[in-house]
Structures are given as C-alpha cells and as structure tokens.
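Colleague: I would like a close look at one part of this model, followed by a walk outward from there to its surroundings. Please take your time over the details.

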Amino acid sequence: MTEPMHEEAHGGALGSRLNWLRAAVLGANDGIVSTAGLVVGVAGATDSRSALLTAGLAGLLAGSMSMAAGEYVSVSTQRDSELAALAVEKRELREQPEAELRELTELLQDRGLSHEVAREAAEQLTARDALRAHARVELGIDPDELTNPWHAAWASFLAFTVGALLPLLAIVLPPAHWRLGVTVLSVLAALVLTGWSSARLGAARPGRAVLRNVAGGALAMAVTYAAGALLGAAGV
C-alpha cells in the first residue's frame, strides 16, 4: 500500500493564503467602484477624453497610494503588537517557567485533552521550543509567519490598480457615444466576478454577495453621474 498524498495546504498556511486572496479581491473591488464612480461622474459633466483620463489617473494613483499606505500602517501596527506579545512571553518563560508550563497545560486541557495527556504534551512542546508552543497555543501567533507590512502594502497597491484600470480604460478607449454604456456594463460584470470570488473565498453563497456588490457599484455610479450632470448643466 502507498502512503496517502496530501497536496493541499493546511492550518495557518491555508488561512494566510485565503486572507491574502480575499484582501486582493476586495482591493480590486474598491479600485473598480471608486474609479468607476469618479470617471462616470466626470462623464456626466463633460465628454472630454483628456478630462476623463486625467480624473481617472488621479483617482487611480490617489486610491492605490492611499490603500497601500493604510495597509502598511495597519499591518505594521499588527506586527508591532505580535512582536511585543512574543517579547512578553519570552520574558515570562525565562522568569517563571513552571507557571508557564501550567498555563500551557491548562490551555491544552481547554482544547479537550485530559490533564495527564495535556501535561505530557505541554512538557514535550516546551522541551522542543517553549516560545513557539506558547505563541501558537496561547497567542495564536506563528513566529515563522509574522505579517509583513511591505507585502501587504504592495498587494493592496497592485490589487487596487488592477481594479481601477478597468473603468479607466472603458471610459477613455471607446468612441464618445459608447463610453458610458461600455463602462457601466464592464464595471457591473467585474463586480459580479469580485462578488462571486469574495463569497467563494469566504465559503458563503455567492448570490447575495453578488447582488450587494452590483447594487452598491450601480448606486455609486448613478449618484456620481447625476452629480456630474447637474454640475455640468450649471456650467460649473
């Protein structure tokens, strides 16, 4: 008999991968909706290709940089918190190892192990790598997989940029009388895809997520187009 093969990811690696994929999908979705709202609003006021291109590029750059900066700050704060928690745990293990061993035993008991088995497991984990054991069981942190703020920033920047390129190209490439229709249809189709993808990554039913996504994007475009049309008619 051959040994079973396990090619799928497990545990923290799978969770981390799904989180990155979900963040990428949501970043792309933000790029689509915000840039579409911007260029459609400008299209309501003018049919100038240069004005549409300028507005779209400005929105793309501002949005992608804002997303990257926000993600960098957020993940840096999370990483700092993780490092601080690890430092505290390292000090406690050095100063009060017996208390930490009892704590690890109790945590393993809370997960369904008997006292005897939990104690033996805690002793073995402590002997192998006490800090890693407490980090994973007590803190829920993998010391080998700490969040990287630069990775998060670049991922957000690229995801937003990719999403924003769709409405930008859709509004500037077609002839003037097709621009609005092509942009709206392209954006709604993309929102169906991102809504479906985010739902599937979260193991949820896609129908409601797609409907929310499409309705939100359609409302954003309708509101900004109406505002642009009113400003254009007023000669602003």
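In which helix do Arg119 and Glu123 both lie, and how many residues apart are they?

Modeller: The model is a predicted one, and the part you ask about is helix α4, residues 115-139, where Arg119 and Glu123 both lie, 4 residues apart, or about one turn of the helix. The two side chains form a salt bridge, with their closest N and O atoms 3.1 Å apart. An α-helix has 3.6 residues a turn, so residues three or four places apart point the same way. Neither partner is buried: Arg119 counts as partly exposed because its relative accessible area is 26%, and Glu123 is likewise partly exposed, at 40%.

Helix α4 also holds a second pair, Arg132 and Asp129, which are 3 residues apart, again about one turn of the helix. Here too there is a salt bridge, and its closest N and O atoms are 2.3 Å apart. Arg132, at 24% relative accessibility, counts as partly exposed, and Asp129, at 27%, falls into the partly exposed class as well. A search of the whole structure finds 2 salt bridges.

From these charged pairs I turn to the nonpolar interior. In soluble globular proteins, nonpolar side chains tend to be buried together. In this model the largest nonpolar core has 17 residues, of which Ile32, Leu52, Ile171, Val172, Val187 and Met221 touch the most other members. The elements giving two or more residues to this core are α1 (11-45), α2 (49-95), α5 (149-172) and α6 (179-201). Apart from this core lies another, of 7 residues, which includes Leu101, Leu108, Ala118 and Ala122.

Ile32 shows how the larger set is put together: leaving aside neighbours within four places in sequence, Ile32 is in contact with Gly163, Ala164, Pro167, Val187, Ala190, Leu191 and Thr194. Pro167 reappears in the surroundings of Thr183, a residue of helix α6, which touches Val40, Pro167, Ala170 and Ile171 when residues up to four places away in sequence are not counted. Thr183 counts as buried because its relative accessibility is 0%.

Met221, named above among the core residues, is also one of the buried residues of α7, together with Ala209, Val210, Asn213, Gly217 and Gly228. Helix α7 itself runs over residues 206-233, has 28 residues and reaches 40 Å from its first C-alpha to its last, close to the 40 Å expected at 1.5 Å a residue.

Not every nonpolar side chain is covered, however, and the surface deserves a look as well. Trp150, Trp154 and Leu158 make a nonpolar surface patch of about 400 Å². Trp150 has its place in helix α5, and this residue is exposed because its relative accessible area is 52%, where the exposed class begins over 50%.

Helix α2, finally, offers one further point of reference in Arg91, a residue that is partly exposed, with a relative accessible area of 36%. The C-alpha atoms of Arg91 and Gly70, 21 residues apart along the chain, are separated by 32 Å.

Conventions: Residues are numbered from 1 along each chain as its sequence is written. This is a predicted model: local features need pLDDT of at least 70, side-chain atom pairs count only at pLDDT 80 or more; totals for chains, interfaces and linings use all residues. Side-chain values use heavy atoms; hydrogens and water are left out. A nonpolar core is a set of buried Ala, Val, Leu, Ile, Met, Phe, Trp, Tyr and Cys residues joined through side-chain atoms within 4.5 Å. Buried means under 20% relative accessible area, exposed over 50%, partly exposed in between (1.4 Å probe, protein chains only). Contact means heavy atoms within 4.5 Å. Patches are made of residues with over 30% relative accessible area and no salt bridge: like charges are joined within 9 Å, nonpolar side chains (Val, Leu, Ile, Met, Phe, Trp, Tyr) within 5 Å. Accessible areas come from the Shrake-Rupley method with a 1.4 Å probe; for residues, only the protein chains shown count as cover. A salt bridge is a side-chain nitrogen of Lys or Arg within 4 Å of a carboxyl oxygen of Asp or Glu. The expected span of a helix is 1.5 Å times one less than its number of residues.
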